[in-house]
Amino acid sequence: MKIKLGLLYGGKSAEHKVSLQTALAVINALNHDKYEVHPIFIAETGEWIRGEKLTGKVDSVAQLQIQQSGEAISPAALNNSLFAVPTEETSSIDVVFPLLHGPNGEDGTVQGMLELLNIPYVGNGVLASAGGMDKVIMKNLFAQAGLEQPNFVSFIRSEWEKNDEVAYGKVEDELGYPCFVKPANLGSSVGISKCRNREELVAGFKEAFTFDRKVIVEEGIIGREVEVGVLGNDDPACSVIGEIVPKTDFYDYQAKYEDGNTGLMIPAEMSEDQVKEMQQLAIKAFKAIDGSGLVRADFFLTNDGKFLINEVNTMPGFTPFSMFPLLWKHTDLPYSDLIEKLVDLAIERHEEKQKIRYTM
């Protein structure tokens with residue numbers, strides 16, 4: 001019997017287009033003899049639209065932007081109208097794969113909904129998703145776990161609007177230039193600015209605050225950008241190490257998704273001891289956020305050989321050409337097998353949760 005897999009994609013997020021690319025790649029990599037694929041599209045305006053069952057590959061993201069073929073519904077009516085299989089009244093979707101990036105999808109909101117519905121889903125749970133999305137909370141968790149990381153400061157919009165000069169002065173006193181200004185709750189390098197002076201810092205704050213009410217400012221680190229994939233639940237494993245070699249000033253959204261103006265070195269040139277150390281640190285970070293399923297852990301390797309964790313991404317880029325799948329491809333786990341492994345981990349975690357007693 002086929003596994004009924006619901007693919008949840010799109011989303012009310014600045015990363016909506018990235019999610020569509022991910023969904024297209026996953027659909028075309030799935031074994032349709034093993035999985036019955038049910039698309040669930042979230043429009044940029046927030047409507048949820050259930051599409052017809054897919055029986056094979058899809059040509060373009062335009063086909064995934066479901067309109068007339070599906071019925072717009074409210075997430076409040078989810079269990080029967082969204083996740084039930086229309087042709088089988090007694091059967092519902094077995095597993096949901098949230099292919100969502102950014103707020104309203106990667107931040108624990110959708111995960112919490114699926115928890116309430118008691119539906120197995122791929123990836124991290126509510127806590128890990130929320131903590132991994134908010135870079136300030138994430139870095140506080142890393143600090144508590146004893147992980148070394150770049151220095152940072154953070155601000156909310158209201159305090160910046162009240163006295164922006166104090167905010168700029170704090171950045172200059174505690175971090176200096178160059179520094180990076182980022183929305184606290186966003187990924188895919190959206191809204192990030194590299195700042196070398198006060199003028200660029202002011203512009204960076206304004207840009208970041210258009211995407212979030214909270215921003216984080218990090219010191220610039222001279223070193224290599226290295227990443228590793230973590231896969232598993234209670235006993236996670238690591239991929240080989242990869243290195244980002246940007247041809248631009250830094251690895252921004254355009255370099256990632258539009259012009260391909262970056263290089264990826266897999267595996268990265270490192271000693272065996274360095275590989276082992278970074279993998280151990282990545283698992284420590286995974287456990288610090290109570291991760292499950294997958295994360296991509298990003299580090300700086302400084303010129304004096306020290307690893308500084310930058311962040312973990314709880315739903316990393318997931319096209320066949322994204323770093324996370326490529327890392328596992330070079331660890332002898334092809335893209336289609338990686339997807340199946342994640343579905344298996346989702347079912348495993350859900351079954352484990354069913355052992356929990358909720359009554360006295």
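This report covers one helix pair and the annotated sites of a predicted model.

Local features need pLDDT of at least 70, side-chain atom pairs count only at pLDDT 80 or more, and totals for chains, interfaces and linings use all residues. Residues are numbered from 1 along each chain as its sequence is written, and side-chain values use heavy atoms, with hydrogens and water left out.

## Helix pair α7 and α8

Helix α7 spans residues 164–174 and helix α8 spans residues 198–209. Helices are DSSP runs of H or I with at least four residues, strands are runs of E with at least two, and both are numbered from the N terminus. The two axes come within 11 Å and cross at roughly 120 degrees. That makes α7 oblique to α8. Axes are lines fitted to C-alpha atoms, for helices over the stretch in contact, with angles from 0 to 180 degrees between N-to-C directions. Oblique is what remains after roughly parallel (under 35 degrees), roughly antiparallel (over 145) and roughly perpendicular (65 to 115).

The crossing of α7 past α8 is right-handed, meaning that the near helix is turned clockwise from the far one by less than a right angle.

Which residues of α7 meet α8? They are Glu165, Ala167, Tyr168, Gly169, Val171 and Glu172. On the α8 side stand Arg198, Leu201, Val202 and Phe205. Contact means heavy atoms within 4.5 Å. The residues of this contact divide into 6 nonpolar, 1 polar and 3 charged. Here Ala, Val, Leu, Ile, Met, Phe, Trp, Tyr, Cys and Pro count as nonpolar, Asp, Glu, Lys and Arg as charged, and the others, Gly among them, as polar.

## Annotated sites

An unreviewed UniProt entry gives "binding site" for Glu311 and Asn313. Under "active site", the unreviewed entry lists Glu15, Ser188 and Ser322. Such annotations may be inferred rather than shown by experiment.

The table places four of the residues. Buried means under 20% relative accessible area, exposed over 50%, partly exposed in between (1.4 Å probe, protein chains only).

| Residue | Location | Relative accessible area |
|---|---|---|
| Glu311 | strand β14 (residues 307–313) | 16%, buried |
| Asn313 | strand β14 | 13%, buried |
| Glu15 | loop between β1 (3–10) and α1 (16–29) | 1%, buried |
| Ser322 | loop between β14 and α11 (323–329) | 12%, buried |

Contacts follow, not counting residues up to four places away in sequence. Glu311 touches Lys135, Met138, Phe142, Arg296, Ala297 and Asp298. Asn313 touches Glu106, Val295 and Arg296. Arg296 appears in the list for Glu311 and in that for Asn313.
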